[in-house]
Amino acid sequence: MEHMIEVRGVSFTYASRTRPSLLNIDLQVPRGDFLLITGSTGCGKSTLLKMFNGLIPHACGGTMTGEVQVRGQSIHASPVAELSKIVGVMFQSPDDQIFSATAADEVAFILQNQGMEAEAIEQEVKLALAVVGLAGMENASVHALSGGQKQRLALAAILVARPEVLVLDEPISQLDPQGAQELLAVIYDLNQQHGMTVIIVEHRLHEVLPLCQHVAIMDQGQLVWQGTREQAFHQAQVFVRYGLRLPHTVDLCRRLGIKSPGASVTETVAVIQNTYGMLAAGMVRKWKPGKSIQAKMPQEQAIVEICDVGFQYEPKGRFILNKINLRIFKGQFIALMGKNGAGKSTLLQIISGLAEATAGQVSLHGKPLRSLVPEIGLVLQNPDLMLFNLTVEKELLFVLKQRRKLALKEEILPVLIQNFGLARLEQDFPLALSRGQRFRVAIAAALAVQPEVLLLDEPTTGQDIGHIRAVAQILKEYVKQGGTVVFCTHDTEVAAEYADRILVMQQGDILADTTPAELFCDEDILQAVGIRPPQITQLAKLLYSGSAVTVEEVAAYVRQNAVGTQAQ
Amino acid sequence: MYDRTLWEPRPNDSLIYRMDGRTKIILLGFIALAAVIIDSPRSLLLLFWLVLFMHCWTKADFARWRILILFLLLSMWGGMVSQALFYSQEPRTEIACVIAPGTPVLGSLTGGVYLYREGILYGAQQALRSGIMLAAGLLVCWNTDPRQLLRVMVYWRMPYEFAFMLTTGMRFLPVVFNETAVVLTAQRLKGFKPMHSFSVNKMIQTAFQTLLPILARVLRRAEMLALSVESRGFGRGINRIKLLKWPVGEKLVCLVAGCLLLGLVVLKTLNSLQYNGLVYFPAWNYLYSFVVIWI
């Protein structure tokens, strides 16, 4: 089989580092393949991608050994401009790579650099924009596009040159489920219909794994596992070992000790029914939801109470929030969901006292809230912008110092460092830490003053599931001790697994305020707000008309209700 | 001010937005040079109005006018006040006394501080110069795709690194303003109140703590942008920049502007020669008068 990309014994150490970022990598990518490269944050995935179009070694300083060939051509012998005709690379954040003012100009850039005539460029640009679903938006300002549209524009800016290989670095990490679905559909179509070789790096495996043909897992600069998608489904324990996310169907089969048929819900249901002799849905006794999915209905006074709150940026502008009414109780773990622009971040800012409502009132313990208070902490979407001290220790102490609580240092600091896994990093420069570590420092700093309510704006964006779970566990512990968490997220699986209450927002209104189990079974609401329920909820519904939201629940049900005795 | 859309170029149908990058850079350069060459306050004022008229032509919105006026007023006020206080050339006319020479300590230390009429006029002249450059610079920033400028600069054989640095600066200006607002918000969230104290230490600490995360982010973003641009075939090795045909009308405008600038230089030189008694033609007196009044 012809190899489109061949990597032989490659190691690479960045000029500024002593440890290699890649170590003895061997990888072959056949023509027309759809390869998923995954691994925890900082394992070297992005570094490997940079080799495919020669950014390493031509544009990034460091020491490289071994050989990388693209269509039989050594990357050492070909400049980036030449390799970019074969390999198109799309990076993670569209905001950081879009360079032009209009969509057409952005897409035309690569063709202009390749010396194409202006008349021909115009046609190609239109075609590329149509392929990604942006037809007719040639003259649109790039700033007027949504996050998903920007990501598709960045893809069109690569596709227009008709590369043979498409390399994508976490393309869906910042998209809501609907945006991610649309982008993945375009990529899958390019692979299937046009035979384009696709190499994708992604943490959201549950969304990409069903589409790919091959999978490669990296850990600490090494390629630790590679195989076909089917092999990956059958060796799910490898993913678990490296802290990676699995599709719910595969994870359930792993827990039940049966061979997974793949990511298909219906096939998995059939396999479980065959293996355990279970009856089809509707013929089994109705499953009663467990304690974990029952909403907490506290009787005491709410910590935060929001009455008829409205918000608009300009006096005659549109309402970002429309007469919101909400009560937040002690010990709740609340997920705030909805499409981009639904008003989630604005609501968090109003609860925190950062923004003032233009109508209605926010109360904390029954008293009107008009400014920032230490009782409510807020972690912004980009934690990097919340880190401004020279060491982790100073970062954690900063807020204590500002709130004149430095006396609590001895009591609080060791606990935070221990709980957030920051031991031996106390004297490190926070902005030089890995993404997951920076995120943990930002949350730890917010928790240093022990707020009663902690608000987090999109904490799951760009984080691998290991980091998400680590932080979620800490927050669960904080909730157990009486704290309250409200977080915005697009990740339905995280919301289902950790939240005990979900608020769904749409165009400034709260459309639903319910438990995860109820929400993910309500198809009308899900359809209205473009949320896809977790796979496991669909599976539970099909398997036993249940309303489970976690894999553990379904596994427990199958074990309890299996006709045979094969349950493990 | 922290809203990034205020600083980003907005596609519009004005002639200035649609102009070729070469025309924009050349005219910007000519306006800047003219502002340096011309000394006459009335001509400087005319040039200033011309640039503001061009802003009107692009239909700049209220928020942009507000920013422009704020920047212009600050720079003008700063220039005029500093020159009014510290003007050192003769003759100079005192119009007010700020610190009398007899004032204890300060009076003896400074020998008295006055406002000078000539200083105000000179300050106004300098302020107009800087105002013209500022307004023209913002006009180009708000109405030009950074990529257009980058391609022109490289086409003109400017070193790739330098061209990329200039355009990246322009590309990230809106982002920097936006992220400054986020950092200030984050500081507020952590209970930081820098304005509660005016100590030098506190101010240095605030500046450092505000700039540190912004700088780190901008460096990361700039690296990513550079990689993205290189991945799309643009880089050090590029040798095939093809620009769209330069419209004849715009070429003519540049030519006329170039001739005008050259005319300014010639007239200024002639006037300087006669002023210093080196070359004087009595028949050209009307020309010398024109230079004194208008240039």
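The paragraphs below go through a predicted model, taking chain B, its contact with chain A, and then the domains, a buried helix and a sheet of chain A.

Chain B contains 11 helices and 2 strands. Along the sequence these elements follow the pattern α-α-α-α-β-α-β-α-α-α-α-α-α. The radius of gyration of chain B is 24 Å, whereas a compact globule of 295 residues would have one near 19 Å. Along the principal axes, the C-alpha atoms of chain B fill a box of roughly 60 × 60 × 35 Å. Of the 295 residues in chain B, 27% are buried. Among contacts in chain B with a separation of 6 or more, 79% are between residues 24 or more positions apart.

Next comes the contact between the chains. Chain B contributes 41 residues to it and chain A contributes 42 residues. On the side of chain B that touches chain A, at least two residues each come from helix H7 (146-155), helix H8 (160-189) and helix H9 (200-231) of chain B. H9(B) gives the largest share of that side, 13 residues. By residue type, the side of chain B that touches chain A has 18 nonpolar, 9 polar and 14 charged residues.

Chain A is assigned three domains: domain 1 (30-46 + 79-251), domain 2 (252-294 + 537-568) and domain 3 (300-536). Between the C-alpha centres of domain 1 and domain 3 of chain A there are 30 Å. Where these two domains of chain A touch, 19 residues belong to domain 1 and 20 residues to domain 3. Helix H8 (177-194) and helix H12 (248-256) of chain A each provide at least two residues of the side of domain 1 that touches domain 3. The residues on that side of domain 1 of chain A are 3 nonpolar, 13 polar and 3 charged.

Helix H5 (residues 103-113) of chain A is largely enclosed by the rest of the structure, because 11 of its 11 residues are buried. The buried residues of H5(A) include the charged pair of names A:Asp105 and A:Glu106, as well as A:Phe109, A:Ile110 and A:Leu111. What lies over them? The cover of the buried residues of H5(A) includes helix H6 (118-131) and helix H7 (147-159) of chain A, together with H7 of chain B. Just after H5(A), A:Gly115 has a positive phi of about 85 degrees.

The last part concerns a sheet in chain A. This open sheet has 6 strands in the order E16-E17-E18-E13-E19-E20, with mixed pairing. Strand E16 (376-379) and strand E20 (509-514) of chain A are at the edges; each has a single partner strand, so one side of each is left without a neighbour in the sheet. From one strand to the next, the twist averages 15 degrees.

Starting from one edge, E16(A) and E17(A) run parallel and are joined by 4 bridges. A:Val379 has A:Leu456 in E17(A) as its bridge partner. Helix H17 (residues 435-447) of chain A packs on the sheet here, touching E16 and E17 of chain A, and its direction makes about 165 degrees with that of E16(A).

Strand E17 (residues 453-456) of chain A also pairs with E18(A), in the parallel sense and over 4 bridges. Within this pairing, A:Leu455 is the bridge partner of A:Val486 in E18(A). E18(A) likewise pairs in the parallel sense with strand E13 (residues 333-337) of chain A, over 4 bridges, and A:Ala335 stands opposite A:Phe487 in E18(A).

Is strand E18 (residues 484-488) of chain A enclosed or open? All counted residues, 5 of the 5, are buried, so E18(A) is largely enclosed by the rest of the structure. In a regular strand, side chains alternate between the two faces of the sheet. Both faces of E18(A) are covered, with A:Thr484, A:Val486 and A:Cys488 buried on one side and A:Val485 and A:Phe487 buried on the other.

At the far end of the strand order, strand E19 (residues 501-506) of chain A and E20(A) run antiparallel, joined by 5 bridges. The bridge partner of A:Met505 is A:Ile510 in E20(A). The hairpin of E19(A) and E20(A) has 2 residues between the strands, and A:Gln507 in that hairpin takes a positive phi near 45 degrees.

Definitions and conventions:
Residues are numbered from 1 along each chain as its sequence is written. Chains are lettered from A and ligands numbered from 1 in the order in which they are written. This is a predicted model: local features need pLDDT of at least 70, side-chain atom pairs count only at pLDDT 80 or more; totals for chains, interfaces and linings use all residues. The radius of gyration is taken over C-alpha atoms; the globule rule is 2.2 Å times the number of residues to the power 0.38. A residue is buried if 20 or more other C-beta atoms lie within 10 Å of its own, exposed if 12 or fewer, and partly exposed in between; C-beta atoms are placed from the backbone. Two residues are in contact if their C-beta atoms, placed from the backbone, lie within 7 Å. Two strands pair if DSSP finds at least two bridges between them. Domain bounds come from an automatic or database domain assignment. Axes are lines fitted to C-alpha atoms, for helices over the stretch in contact, and angles run from 0 to 180 degrees between N-to-C directions.
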